[in-house]
Structures are given as structure tokens and as C-alpha cells.
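Here is a short briefing on one protein model and its ligand. Keep the structure open while you read.

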Amino acid sequence: MQYNYRKIALFGCLLAAVVVTLGAYTRLSNSGLGCPDWPGCYGFMSVPTLAEDVLVAQSQFPESEIEHEKAWIEMIHRYFAAILGLLVLFLCVIAIRYKRESPLPTKLVCLLTLLILFQGALGMWTVTMNLQPFIVMGHLLGGFSILSLLSLLYFRVATSLSPLADKVSHRFKMVLFVLGILVIQIALGGWVAANYAAPHCTGLPACNNMELFSINSLFHLPIGQENYEYGVLPFETRLSIHFVHRFWALVTSIAIFVMAIKLYALATSTTFKYAILWVVALLIIQLSVGAAIVYLQFPLLLTLFHNFMAAMLLTSMVRLCFLIKYRCGEAV
Ligand code: HEM
């Protein structure tokens with residue numbers, strides 16, 4: 001039972017990574033409004049392709065012209081997300097059903113189920129509120145949170161150890177703190193993408209027109225518009241948003257390096273040492289990919305990889321937290 005549950009949880013993690021990447025593809029290929037309604041597409045369960053269906057769709061949504069490629073990208077993301085939702089629901093039902101016989105993390109799966117439902121609502125608002133940047137960024141963060149919690153679920157069911165009963169260690173607090181810094185960096189990345197701010201800062205390492213950077217312009221919020229596709233904020237605000245993402249990458253990197261050095265100096269188990277090195281390796285790759293995106297002028301596939309690496313970095317940090325909390329081997 002525990003064994004099968006573990007395998008399903010692992011499958012859930014992989015599926016969540018696919019859904020997050022498909023979501024990024026939908027966002028970055030500007031297909032977010034490929035279907036102007038939700039959960040269907042122009043009122044159909046699939047993209048309307050037959051001539052008569054296209055006519056019906058077009059008469060019901062005269063203001064949006066069907067772009068089949070964008071509509072398919074959007075619908076494929078929704079299909080995968082729906083399968084993930086059903087899988088999480090299944091994990092939740094099993095955890096509750098076998099609560100007595102098998103010690104499964106019921107609270108964690110229930111939280112995941114609530115999160116999946118909220119994520120579905122965010123997906124709907126993304127479309128109905130015409131890509132409102134706060135909703136788009138929230139949807140990105142929701143996807144990353146689901147992936148993190150699913151990985152935590154997998155780590156929990158894959159171990160026979162119990163969490164430490166004693167008070168939270170200094171090292172655990174430090175890793176949580178750095179995790180918080182990383183989450184801010186991911187949110188800032190989502191803010192860059194949601195406001196289409198990437199091409200407004202093309203220099204490296206700083207933007208070309210740094211004289212336009214201003215902290216105040218960051219408070220110019222994208223609200224009160226009908227449609228947010230392709231962004232509504234002025235040039236200097238987008239440049240500033242983009243630059244802050246780069247600046248916070250520096251803060252994140254320093255925090256991760258310091259954390260890694262401190263943890264490594266005290267670690268004794270090989271598993272834990274590898275887990276620390278893995279985080280550092282992912283960070284170095286992520287920084288190089290970030291710089292390459294700018295240098296190569298924002299190619300879609302590389303930006304997708306940037307999103308994927310952010311997800312990997314986040315789950316690796318979650319793993320570090322888990323390893324400390326469950327004192328795997330004599331790790332901490
Ligand atoms: C720890 C380091 C970093 C993390 C975790 C991170 C994470 C992210 C995330 C999650 C996104 C959103 C992608 C999406 O919408 O799917 C993003 C976007 C972006 N990041 Fe980063 N990033 C990091 C460092 C950097 C660096 C160093 C640069 C540039 C020098 C950079 C440049 C960009 C750009 C240009 C985008 C917007 C892409 C677009 O909208 O086309 N990032 N980042």
C-alpha cells in the first residue's frame with residue numbers, strides 16, 4: 001500500500017513538473033487567451049476545428065478570432081492540469097480512507113487538494129480577467145507550490161523515519177529563510193513575465209538605460225485595465241521590474257552560497273552533502289541560463305528551461321528542509 005502510494009506520489013511530482021512547464025509555455029508563447037472562455041474553448045470541450053463549429057464559436061465570441069495553435073497550447077495545458085487535479089484528489093481520498101491502517105500524511109494531501117482547487121480558480125481568472133498580472137503571477141506561484149508540496153509528499157512517504165520531535169534547529173530555520181528568499185525571486189521572475197518586461201532590459205549585467213531605473217516606478221501597478229495582454233506598464237516601470245529580478249538573483253545567490261558553505265562544513269552524511277552540492281549546481285546553471293536568455297534576446301525554449309530550473313531549485317531546497325527535519329542518516 002505504502003509502496004504503491006509512493007509510486008503514485010512520484011508520478012504526481014513528474015506530472016506537476018510537466019504542468020508547470022506547459023503553463024510556462026502557454027504564458028511565454030502568448031497563448032494565455034488562446035481560448036477566451038473557461039473551462040471549455042469557445043464553448044467546446046476541445047478546440048473547434050470543424051467548419052461549422054468554427055462558425056458557431058466565432059458567432060459566440062465575435063471579439064476574439066480563433067488562433068488554432070494558441071488555442072491548442074492553452075487546452076493541452078488545461079487537460080494535463082485536470083489530470084493532475086484528479087490524481088491529487090485520488091491521493092487525498094486514499095490517505096483519508098486508509099488513515100488508520102497506514103500512516104500517510106493526510107493533512108499535507110488535504111492542503112494539496114485545496115491548493116489544486118484554488119489553482120483551478122486562478123486558471124479561470126487568468127482568462128476571465130484577461131491576463132491580469134497579479135493573477136498570472138499568482139498562478140505561476142500556485143503551480144510551483146503544488147510541485148513543492150507534491151515533492152514533500154513523496155519524500156515523506158518514501159522514508160520510514162519520523163520527524164525530529166525536538167525544537168526546530170538553527171539550520172532548519174536558516175534553510176527556511178533562504179527558501180523564502182528564493183520564493184521571492186521566483187515571484188519576481190513571474191512578475192517580469194506577467195508584465196512582458198523581458199525586452200525592456202537588454203544590457204548585461206545591468207540594463208542599457210539604467211538612468212530610467214527608479215524604485216518609485218515599481219509602485220505603478222497594473223490595475224484597472226480591460227486587457228493586460230502584452231503588458232500595460234510604462235517602459236521605465238518594466239525596466240525597473242526586470243532589473244529588480246536580476247538584483248534579487250544576486251541576493252538569492254549570496255544567500256544560497258553562504259547557506260551551502262555553512263551546511264557543508266557540518267554535514268557528515270554523503271546524501272546530505274550531495275543534496276547541498278546539487279542545490280549549488282542548479283543555482284549556477286540557473287544564473288547562466290538567465291544571462292543567456294538576455295544575451296540571446298529571450299528565446300522561448302531557453303526561457304522555458306529557466307522556468308524548469310527554477311522549479312528544480314525550489315524542490316531541491318524543499319528536499320534540504322526535509323533532510324534536516326527527518327535527520328536522514330547523521331546528516332545534521
Ligand atoms: C536564482 C536565480 C533565478 C531564478 C530562481 C529565476 C526564476 C525565474 C522565473 C520563475 C521566471 C518566470 C518564468 C516564466 O514566466 O515561466 C523568470 C523569468 C525571467 N528571468 Fe529569471 N531567475 C533567476 C535569475 C535570473 C537572472 C540572473 C536573469 C538575467 C540575468 C534572469 C532573467 C529572467 C528574464 C529575462 C525573465 C523573463 C522571461 C520572459 O518573460 O520572457 N533570471 N526567472
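A disulfide here is a pair of cysteine sulfur atoms within 2.5 Å. By that cut-off, a search of the whole structure turns up two disulfides. The model is predicted. Its ligand occupies the largest pocket, and 26 residues surround that ligand.

**Where the ligand sits**

- Domain 1 (1-158) gives residues to the shell around the ligand, and domain 2 (163-332) does too, so the ligand lies between the two domains.
- Five helices each supply at least two residues of this shell: helix 1 (2-28), helix 6 (170-194), helix 7 (235-266), helix 8 (270-295) and helix 9 (300-325).
- Which helix gives the largest share of the shell? Helix 6 does, with seven residues.
- By residue type, the shell holds 14 nonpolar, ten polar and two charged residues.

**Closest residues and polar contacts**

- The closest residues to the ligand are Arg27, Ala193, His245, His306 and Asn307.
- Arginine 27 places a polar side-chain atom 2.7 Å from an oxygen atom of the ligand.
- Asparagine 307 also faces a ligand oxygen atom: an N or O atom of its side chain is 2.6 Å away.
- Histidine 306 pairs with a nitrogen atom of the ligand instead, and the distance to an N or O atom of its side chain is 2.8 Å.
- The cut-off for a polar contact is 3.5 Å between N or O atoms, so the pairs made by arginine 27, histidine 306 and asparagine 307 qualify.

**The disulfide between cysteine 35 and cysteine 41**

- The sulfur atoms of cysteine 35 and cysteine 41 are 2.1 Å apart, and the two residues form a disulfide.
- Is this disulfide left-handed or right-handed? The torsion about the S-S bond is about -85°, so the disulfide is left-handed.

**Backbone points to check**

- Most residues other than glycine have a negative phi, and most peptide bonds are trans.
- Tryptophan 38 and proline 39 are joined by a cis peptide bond, with omega about 5°.
- Proline 39 belongs to the loop between helix 1 and helix 2 (51-60).
- A cis bond also runs from leucine 204 to proline 205, where omega is near 0°.
- Proline 205 lies in the loop between helix 6 and helix 7.
- Leucine 131 is not a glycine, yet its phi is positive, at about 60°.
- Where is leucine 131? Leucine 131 sits in the loop between helix 4 (106-128) and helix 5 (133-158).

Technical notes:
Residues numbered from 1 in each chain as written. Predicted model: local features only at pLDDT ≥ 70, side-chain atom pairs only at ≥ 80, totals over all residues. Heavy atoms only, no water. Near = heavy atom within 4 Å. Polar contact = N/O pair within 3.5 Å; in protein donor to acceptor, adjacent residues only side chain to side chain. 1 Å grid on protein atoms, 1.4 Å probe; cavity = no way out; pocket = protein on both sides within 12 Å on 5 of 7 lines; lining within 4 Å. Sits in = over half its atoms within 2 Å of the grid points. Helix = DSSP H or I, 4+ residues; strand = E, 2+ residues; numbered from the N terminus. Nonpolar A, V, L, I, M, F, W, Y, C, P; charged D, E, K, R; others polar. Domains from an automatic or database assignment.
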